[in-house]
Amino acid sequence: MKPDKGRLYIVATPIGNLGDMVPRAIEVLQSADWVAAEDTRHSQRLLAHFNINTPLVAYHDYSDDKRSGQLVTKLEAGETIALISDAGTPLISDPGYRLVRRARAQGITVVPIPGACAFVAALSSSGLPSDRFIFEGFLPAKSQGRKKVLEQLSGETRTMIFYEAPHRVADTLEAMSAIFGAEREAVIARELSKAFETIHLAPLVELAAWVRADGNQQRGEIVLLIRGSKGGQSTALNADAERIMALLLAELKPRRAAALAAQITGVDKNVLYDWSLQQK
Ligand code: SAM
């Protein structure tokens, strides 16, 4: 007789403070046949802390089809697999998508075990509107790619949430200030649930300067949250707006040039004014 199919559990683990491990996650990890993890050595320490002896198997989204196929074969044979990532909720800027997709396509039950997630913790404590938001994950690492994505987001009216690496955070905040406007409210949420937890809200230009001036703010794990645009005018600079500003600046003071260029181009006058200051 063919055994019943197993289950794939998607198990959230803490993002820093091990006290945030939920009891149901411990039970599922203890009773599963396998724990699939992106970094088995890292996850071994977590399992050891909770006295869990379940064998580990490596899984990445770039694991070849053979590996996810092997896991699905185990599930089809009736075994239970618990997927975890290095921290937080699997599949949120972490591996798992291909495995979940494949398991579901084979009719395997996929069960989430909810728990910590860095962007949810950050949003819930940020003070920015949380009724509507978008999660963008990591921005491109190179400045041109990052600029392009930010420009595409400049008219976004929902709160925007990003993960960012510590060595890029100052550059990213400066790029955001230039593109979204200096006065746009933003929050850095750093080292959540850990000893140096910091959640700081300020206009982008101030936040960028604060982070640039203090090396400690460029350490650890970071979520950035940006208030959405108020709508109406675009905060994205574009080549046309820059050309018109350059022509007007030859004749007018920056504030007047920015006000006129805003009417012509629809770009926010504060963004145009900030741009003119950078031209000096
Ligand atoms: N799956 C995870 C989750 O549920 O949030 C995210 C994994 S992603 C590879 C790692 C990024 O999440 C970090 O670079 C950082 O941007 C963010 N992050 C993770 N833990 C964090 C923490 N304790 N405080 C702030 N940000 C954190």
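Helices H6 and H7 sit oblique to each other. That is a handy place to start in this predicted model. H6 covers residues 143-152 and H7 covers residues 169-180, and their axes cross at roughly 40°, coming within 10 Å. Why does that count as oblique? Because angles under 35 degrees are called roughly parallel and those from 65 to 115 roughly perpendicular, with 40° falling in neither range. As for handedness, H6 passes H7 in a right-handed crossing.

Now look at who touches whom. From H6 come Arg146, Lys147, Leu150 and Glu151, and they meet Asp171, Thr172, Ala175, Met176, Ile179 and Phe180 of H7. It's a mixed bunch: five nonpolar residues, four charged and one polar.

Thr172 also leads us to another spot, since it is among the residues in contact with Glu164. Glu164 belongs to strand S7, which runs over residues 159-164. Is Glu164 buried or exposed? With a relative accessible area of just 4%, Glu164 is buried. Its side chain makes a polar contact with the side chain of Arg168, at 3.4 Å. Beyond its neighbours within four places in sequence, Glu164 also touches Phe138, Leu139, Val169, Ile222 and Leu224.

Further along the chain there's another helix pair to find. Helix H9 (residues 239-249) packs against helix H11 (residues 269-278) at an angle of about 65°, with the axes 11 Å apart. Their crossing is right-handed. H9 brings Ala241, Glu242, Met245, Ala246 and Leu249 to the contact, while H11 brings Leu272, Trp275 and Ser276. Here the tally is six nonpolar residues, one polar and one charged.

Terms used
Residues numbered from 1 in each chain as written. Predicted model: local features only at pLDDT ≥ 70, side-chain atom pairs only at ≥ 80, totals over all residues. Heavy atoms only, no water. Helix = DSSP H or I, 4+ residues; strand = E, 2+ residues; numbered from the N terminus. Buried < 20%, exposed > 50% of the residue type's maximum accessible area, 1.4 Å probe, protein only. Polar contact = N/O pair within 3.5 Å; in protein donor to acceptor, adjacent residues only side chain to side chain. Contact = heavy atoms within 4.5 Å. Axes fitted to C-alpha atoms, helices over the stretch in contact; angles between N-to-C directions. Parallel < 35°, antiparallel > 145°, perpendicular 65-115°, else oblique. Left-handed = near helix turned anticlockwise from the far one by under 90°. Nonpolar A, V, L, I, M, F, W, Y, C, P; charged D, E, K, R; others polar.
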